[in-house]
Every structure is written in structure tokens, then in C-alpha cells.
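I'm opening a notebook on this one. Short entries, in the order I looked things up.

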Amino acid sequence: MAVRGRDARGRRPRLPRHAAGLALAVLLTASACAAPADADTTLTVREIDATLERRAAAVLARDPAGYLDALAPDAAKLRAAQRTELANLADVPLKSWAYEVKGITEEDGDWATAEVELRYRIDGYDTAPVAARRTLELMRDGERWYVSADRPAKGASDQLWHQGEVEVVRGAHSLVLGVGRPEEELRQIADTVDLAVPAVSDAWPQPWARRVVVHVPDSVESMAGLLGSPETSYRGIAAVTTGEAGTTGKRPALADRVIVNPQAYASLGSFGQRVVLTHETTHVATRTSTSTATPVWLSEGFADWAAYRGEDRTPDLIAPELTGAVRAGDVPAGLPDDKDFGFDGDPAELARAYESAWMACELIAERWGKEKLTAFYAAVGAHPGRDGAVEQAMGSVLDTTPEEFTADWRDYLSARLG
């Protein structure tokens, strides 16, 4: 799961990547000559699947009794917590909710530990599911299995409804889900996303859902909890986008979520908030054309280009760090590398990396046109790997080479910022 964000000044540092909820293990189907243990494990998986199917049906039916029926009768603390979690989901418009057992990690008679993938979709917004990995402990009583413990899998995180009652605000193109935040704040975020979606659609005319789901937790600590990383990683980040990039494989991308840090976001003015959410919405729109072949300078530069193109700001105001360097005679020798976007480096160098990426996309749009820029982005992402992706796309779409483009870009920086 790629996580992208912006700092409180509107800049967007690259953040750590987190697992997207893929399978932890492959379950082998028992054959006629399989050992008895394999057959027993397969039977256990089927029995646990039946329990989780009933649990999923109860979630969709908003049936607390049915949901609690899947829990161990004597697990009082778990039953209370699960009753609260189901209530927290009451207003979330769910389209689907399903579990899949990915593997049994422990089994001892009537006790088992299972790695499970929860997949859910929000009605009217998700064209693909969100995946969340869970570790369940179960006990068998008679012919049925019951859940006795439910927690995030190793390296995974909780969901928004684990943090409190979810309030839902609908926009024309947005669905904002908040916990512990004023309704007025959630409405303002929905209104801003509603402005961002048509702006992004104009910048990126290729098909996309044109709807965005935004999560607004109650604090940066809660934001970090949703992302499974230390709070310090996000303290100055106004928003991030989570999702599964790439279409070069056979599996479609999973649903994106924009997650807002309420404190950092509130510190921005209306311009900064608009830029942040337009930038993040661009990542949602371009997700299926973004892959491991896409360099960070292109994905971040394009998102900034889409966010700034409708704003009345001069390049020196948008790229102050890069402007200062260029005017001091320190024109970058080349486009920024992926490592230049790391959040743990010098903030000024990080800012110059993002500003350099924006100016590269601005050059393409100005000289070749926005249609060529979007075609270039798509061509790079469609390449089977990083090696040769930019070179091939520059040749086929822009009729140039990386060397020629870099020279043109350096001249462009001097002309626009010098």
C-alpha cells in the first residue's frame, strides 16, 4: 500500500510504504494422497469460513445478535468491544463485506489461530475492495468455531471504526468519514474534495471513479494508528493517500483512501487545503496508471501540476526553495531520484525535489501539451518495469531523450525561476 502525503506548508514528502493487505500464505488444497494433517487443516479452514460467512452476513444486515453469535460465549470483553465496533459502522454505507482465511498458523485440538483477510466496499464509491489483514484466535465447541480474539495482523493496522463512532458526510463527489471531528469540519473537507474532483478530471481525462473517500480521524495519533506507523512520521503531514499502485500485474488495484491529519490540515489556509486535497485526489485518479515503473518525480510532479494548474500563483511562489537555489547559481544537474523524496532528509532538499518534479511536468505540459503529459504518464506506468520506462516513453510520446529533456528542463528552470 503506497502512502503519499503533504506537509503543513503544502509540500508533499514521500512516506514509508506499507503492505497492501496481500495474502500471507497460500492454502494448499488436499489431494487424494495428502497426509491426514493436511486434510484436517483444510476441514478446519472450511469450518472457520462458515463462521466468518455468518459474521459477514450479520454486518451487512446490521444484525448485532447475528454478529455476536460468531464470538466465543465467555469472551465478555471481546463481545463488548465487537458490539461497539458494529455500532460504530452503523452509518457507513457498505456494499460488501467478506472474509477469507489465508492460512492457519496454529492449531491445537479445539483451538486455532488464523490469518484472515477482510475485504469491504463502500456503496457508490468503491469499484474495488479495501483489504485489511486480521489475526483471529478461535475455539471450537461441537461442530462450530467461535472467534475468541480479533486483532490486526502483524504489520497491519486497525480501521477507522475501531477508533470510535463514524460520522458520514456526503458530497457530490466525496464521502467523508470522520471520528471525533465536528460535522462542519467534515462538510468543509467534502466541499473542497468536490472542487478537486472536476479539476483532476480535467487534468487527467482518462477513466477513473471520480469519487473519493476521505477519512478524518480525531488526531495525528489516530492517523498514525490507521497507517500502522509512528506518530512522528505524520505530525507535519496534512493528508496522505493509501492504495495499491499498478496495473502491470493481473490483480486490479484496491480502493484508495485519503486520510487527513486534522491538526496539520487546519493549519493551512484555503489555498493550501485546496492544493493538498487536489494533489491527493490526483493520486486516486492516476492509481491504475501508476506502477513500479513510475519514478517518484513523475507521480509527485504530476499530482502537483494538477493541483497548481488552476491556481493564480507564479512559479517562484510555488517553488521558493528551488527558486532560491537557481538564483544562487545552483541549478540541479538532473531530475530528482526516488531517494530524494525521503522524509528523513533535509527539509530544504526535500522541498527542492518536489518543486523540481513539478517544474518537469510543467515543462512537458507547456511545451508538448497536457495531452502529451498524460500520455507520457500512462506510457511510463504501462512499462513492465522501471528500467527503460522513462526512456521509452520519452522517445515514443515526446520524441526526445532523457538527456535532451534534462538539458531542456535545466534551461526552463533558469528561464522561469532565475
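Which residue follows α5, and is its phi positive or negative? Gly-228 comes after α5, and its phi is positive, near 70°.

**Ground rules.** I'm working with a predicted model, so I note that local features need pLDDT of at least 70, side-chain atom pairs count only at pLDDT 80 or more, and totals for chains, interfaces and linings use all residues. Residues are numbered from 1 along each chain as its sequence is written, and side-chain values use heavy atoms, with hydrogens and water left out.

**Helix α5.** I stayed with α5, which spans residues 220-227 (helices are DSSP runs of H or I, at least four residues, and strands are runs of E, at least two, numbered from the N terminus). Six of its eight residues are buried (under 20% relative accessible area; exposed is over 50%, partly exposed in between, with a 1.4 Å probe and protein chains only). I listed the buried ones: Val-220, Ser-222, Met-223, Ala-224, Leu-226 and Leu-227.

**Cavities.** Next I looked for enclosed space. A cavity is a set of points on a 1 Å grid over the protein atoms alone where a 1.4 Å probe fits but cannot get out, and lining residues have an atom within 4 Å of a point. Grid points are joined across faces, edges and corners, and the volume is the space filled by probe spheres set on the points. I got four cavities of 30 Å³ or more.

I picked the second largest, which holds about 120 Å³. It is lined by 13 residues, and Tyr-67, Trp-97, Tyr-99, Leu-118 and Trp-161 are the closest to its centre. At least two lining residues each come from α1 (36-60), α3 (76-88) and β2 (94-108). The lining splits into eight nonpolar, one polar and four charged residues (nonpolar: Ala, Val, Leu, Ile, Met, Phe, Trp, Tyr, Cys and Pro; charged: Asp, Glu, Lys and Arg; polar: the others, Gly among them).

**Glu-85.** I then checked Glu-85, in helix α3. What does a buried Glu-85 have for company? Glu-85 has no salt bridge (a side-chain nitrogen of Lys or Arg within 4 Å of a carboxyl oxygen of Asp or Glu). The nearest side chain of opposite charge is Arg-134, 5.6 Å away (Lys and Arg count as positive, Asp and Glu as negative; His and the chain ends are not counted). Glu-85 does make a 3.4 Å side-chain polar contact with His-162 (N or O atoms within 3.5 Å, one able to donate a hydrogen and the other to accept it; residues adjacent in sequence count only if both atoms are side-chain atoms).

**Salt bridges.** How many salt bridges are there? I counted 21.

- Arg-144 pairs with Asp-69, with the closest N and O atoms 3.1 Å apart. Arg-144 sits in strand β5 (residues 144-152) and Asp-69 in the loop between α2 (64-68) and α3, 75 residues apart. Arg-144 is partly exposed at 24%, and Asp-69 is partly exposed at 38%.
- Glu-117 and Arg-119 meet at 2.7 Å, N to O. Glu-117 is buried at 4%, while Arg-119 is partly exposed at 26%.
- Arg-416 bridges to Glu-366, again with closest N and O atoms 3.1 Å apart. Arg-416 is in helix α14 (residues 402-417) and Glu-366 in helix α11 (residues 347-367), 50 residues apart. Arg-416 is partly exposed at 31%, and Glu-366 is exposed at 52%.

Last note: salt bridges that share partners join Arg-55, Arg-134, Asp-150 and Asp-158 into one network.

Definitions and conventions
1 Å grid on protein atoms, 1.4 Å probe; cavity = no way out; pocket = protein on both sides within 12 Å on 5 of 7 lines; lining within 4 Å.
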